[in-house]
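Biologist: Please take a close look at the nonpolar side of the surface, and tell me what can be said about its makeup and its surroundings.

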Amino acid sequence: MIPELGFLSLTIAMALCILLCIYPLWGAHTGNLRLMRAAPALAMGQFVFVLLSYLALVYTSLHDDFTVAYVANNSSSVLPWYYKITSTWGNHEGAMLVWVLIQAFWTVLVAMLSKSLPWLLRARVLGVLGFLGVGFMSYTLLLSSPFESLLPYFPVEGRDLNPLLQDPGMIIHPPLLYMGYVGLSVSFSFAIAALLTGKLDNTWAKWSRPWTMAAWAFLTLGITIGSWWAYAELGWGGWWFWDPVENASLMPWLVATALIHSLSATEKRGVFKSWTVLLAIAAFSLSLLGTFIVRSGIIVSVHAFATDPARGSFILAFLLVVVGGSLLLYALRVAEVKSEGRYQLFSREVALWLNNIFLVVATLIVLLGTLLPLVHKELGLGSISIGTPFFNQMFSILLVPFACLLALGPMLRWKQNKIKLVFNKYALSWLISVIVSSAWLFSSYEEVKVMTLVAVMFAVWIAVTSIIDIGQKVSESSSISRGLKKLGLSYWAMILGHIGFAFVIAGVALTSAYSVDRSVKMNPGDIASLNEYDYRFDGVKSIEGKNFTGHAGIVTVLKENQFVVELYAEKRLYTIGKQFMTEAAIDDGFTRDLYLALGEQFDNGAWSLRIYHKPFVRWMWLGGIIIALGGFLILFDKRYRRRQAPQTTGNKGVMA
Amino acid sequence: MNRKLLFLTPLAIFLLLSIFLFKGLFSDPRVLQSGRIGQTMPEFALPDLMQPDKQWRNTDLLGDVYLLNVWGTWCPTCVAELGYLTELRKQGIKIVGLYFEQGYDADFGDQFSLPDLQIEVSEMLARAGNPYAFNMLDLNRTVLLDLGVSGAPETFLVDSKGTILLHHTGDINSRVWRAKFAPVIAELSP
């Protein structure tokens, strides 16, 4: 009964969503305010019914209703309750429903928070969001419903949730990622609405910016947590594989990063308008393309996803309508737009413009690396593989000019700068960072590779320029506290974003260069050493979870004979699927992670263990979190919360 | 007019891309991986994983029908299929392992210890079953790249003349074996 109600709710939501797509867009086209005014209520109604539908799936999962195919395939009666809830996004069909729910949530948020927008724009934004909602919802209803029934023949027990997904990281990773992907549809809708309205002015950029920032911050968090999950749960100590599925999330992130920078130029200086609109379209298009890549099985990935040409065709058709349609609209409308601002070669505008170039080039590299095997094959040139070294090399080449720019950019002012003034700061910070990073690396490590030193130098440089810049801005004020107060939240968002990025660069460089590991065969009481740590193997104990059994290797870690930590490296057998899983034991630290994976047992009672020492690995995720915090900070900027004064809600305003 | 054309470029690029996406959708993703079907095994000389003094050449393998199985201890699916592959070995199928060391990339100064890997592999095979006649180690991934391998597990069926008959991506289980491999092998030995 409940699953049927869930399906029915989704159908009702779909009907409301169709109206949400038609009424406001038609109303805006004909100038009919009554039709436009229906939009917020329809958005609310759609959200409520999607939520009901989702709650029905949660209820079904919690009550072990294995007559529902999705629950039977992705849950079991012995699964802990919180994983029963997260199993609702553990596989394709449920994940689509969560996607639709998040889409409805963003739509209703926009409807509630856009009261001060002119009706023409507001209606069009909501109409476009409605259109996207129809696309995703019809896909879910027609091709991937999580409410498919197995009646009359259904299993008494479910197949359990994939053990890889039974991890806290996996509880929050997909929803965060979807908040990001789907959130980009809001900036997309603002761009399309602005193109339809024909008014690509600062208002549009100003409205679009906080929404884009929020989506981008969620995407940043989602990617960060995804990487951390891979590290903690896959047991191989790695954090990024350049897999098509990972690339699918990186591409919209790179373009969205370009977008938030170019939006700030458009908002403050009225420049790059047509470019910014294109980025807004591209960012969401790439998240659709990513969905297509992941869900169609068009590219073989190490992540296992169901492949289905019918699903692929639908998404491709949707992609053609949405992306093709919006690019056509773009081509027709944007030629009339002229940028207003004037600026000189040495200015923040140019720095932002270059930043965009680098980010777009980075995106193209990822896109090329991901799709080239496909294109190559379809051109009849045979199969090729593009592996990690290609991406690593391309990105290390791009990093150098990009980091230079990143350190320089914040020091520059809009329009024009005196080269000499900036040069002094630049030279000073450069000197400091060369000294600090060389001192750091050469004193800590016997061997220092050029690339590692360069990367750390840039990381330090970015941090130093940020601090110098804050110092200078504060010193221009009469007192420090007044100076700090004057710096707006947007400024702090930028600083956090850049410092977070510095942490990521340093973390990646150091952990890539100085991670070491060794495999050892140990009897209880044996001690193995790696770097300055000694690992004493204290034997193995049995463990028993709700849906797994297994062993935990107990390892005491010592440093100079002082106790550091006791670690349990687990090997679990998930009883239903008969899958073995390695639960790595991690002692995390600011400057290093100790990472242990339990291997096999030998006949004589000895065990094999793999010990990893990973310096500064945590800085990557710390950096990601700092970047995301910066993104969220801007939401509290007063400039974006102040209501616009004159409302043009009257009929006259609309008709004009 | 020029300006209009400029703004049409994104659309043109997207449409071009869609053609490939559309074509890709209807070419079987397995076939996508199988650009090597019908070709002969690339020439190679690889060390034996357990006895690195011994080199295996592609010519050493001629004369037998065999499965070339790309695998690694880091890959859970590979470990999962060891059991079924061992059964196949008992039925007289010759299986040669091509070990894919994922964590090593000389260009990035990664560390690699052969003795550690040997211990790890022998434990794994002792526990999960050993289907392999022998294992070759392709540390620099040249053969892996020549074969168009994109991950693990992947398996090639090669005939006695060294021609690649099948390229399968993903694990081999009884269903895959019956549907894909058995018919081809049946044709070989009438």
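Modeller: The surface patch comes before the helix at the start of the chain and the cysteines. This is a predicted model, in which local features need pLDDT of at least 70 and side-chain atom pairs pLDDT 80 or more, while totals for chains, interfaces and linings use all residues. Residues are numbered from 1 along each chain as written, chains are lettered from A and ligands numbered from 1 in written order, and side-chain values use heavy atoms, without hydrogens and water.

A:Met44, A:Val48, A:Leu51, A:Leu52, A:Leu55, A:Met112 and A:Leu113 make a nonpolar surface patch of about 570 Å²; patch residues have over 30% relative accessible area (Shrake-Rupley, 1.4 Å probe) and no salt bridge (Lys or Arg side-chain nitrogen within 4 Å of an Asp or Glu carboxyl oxygen), with nonpolar side chains joined within 5 Å and like charges within 9 Å. Two elements of chain A, helix H2 (33-62) and helix H5 (92-113), each give two or more residues to this patch, and H2(A) provides the largest share, five residues; helices here are DSSP runs (H or I) of at least four residues. A:Leu51 lies in H2 of chain A and is partly exposed, its relative accessible area being 32%, where buried means under 20%, exposed over 50% and partly exposed in between.

Helix H1 of chain A (residues 2-30) has 29 residues, and its end C-alpha atoms lie 42 Å apart, in agreement with the expected 42 Å, which is 1.5 Å times one less than the number of residues. After H1(A) comes A:Gly31, with a positive phi near 75°.

Over all chains there are zero disulfides, meaning pairs of cysteine sulfur atoms within 2.5 Å. For A:Cys17, the nearest cysteine sulfur belongs to A:Cys21, 7.4 Å away; A:Cys17 is buried at 0% relative accessibility, whereas A:Cys404 is partly exposed at 26%.

Key
Buried < 20%, exposed > 50% of the residue type's maximum accessible area, 1.4 Å probe, protein only.
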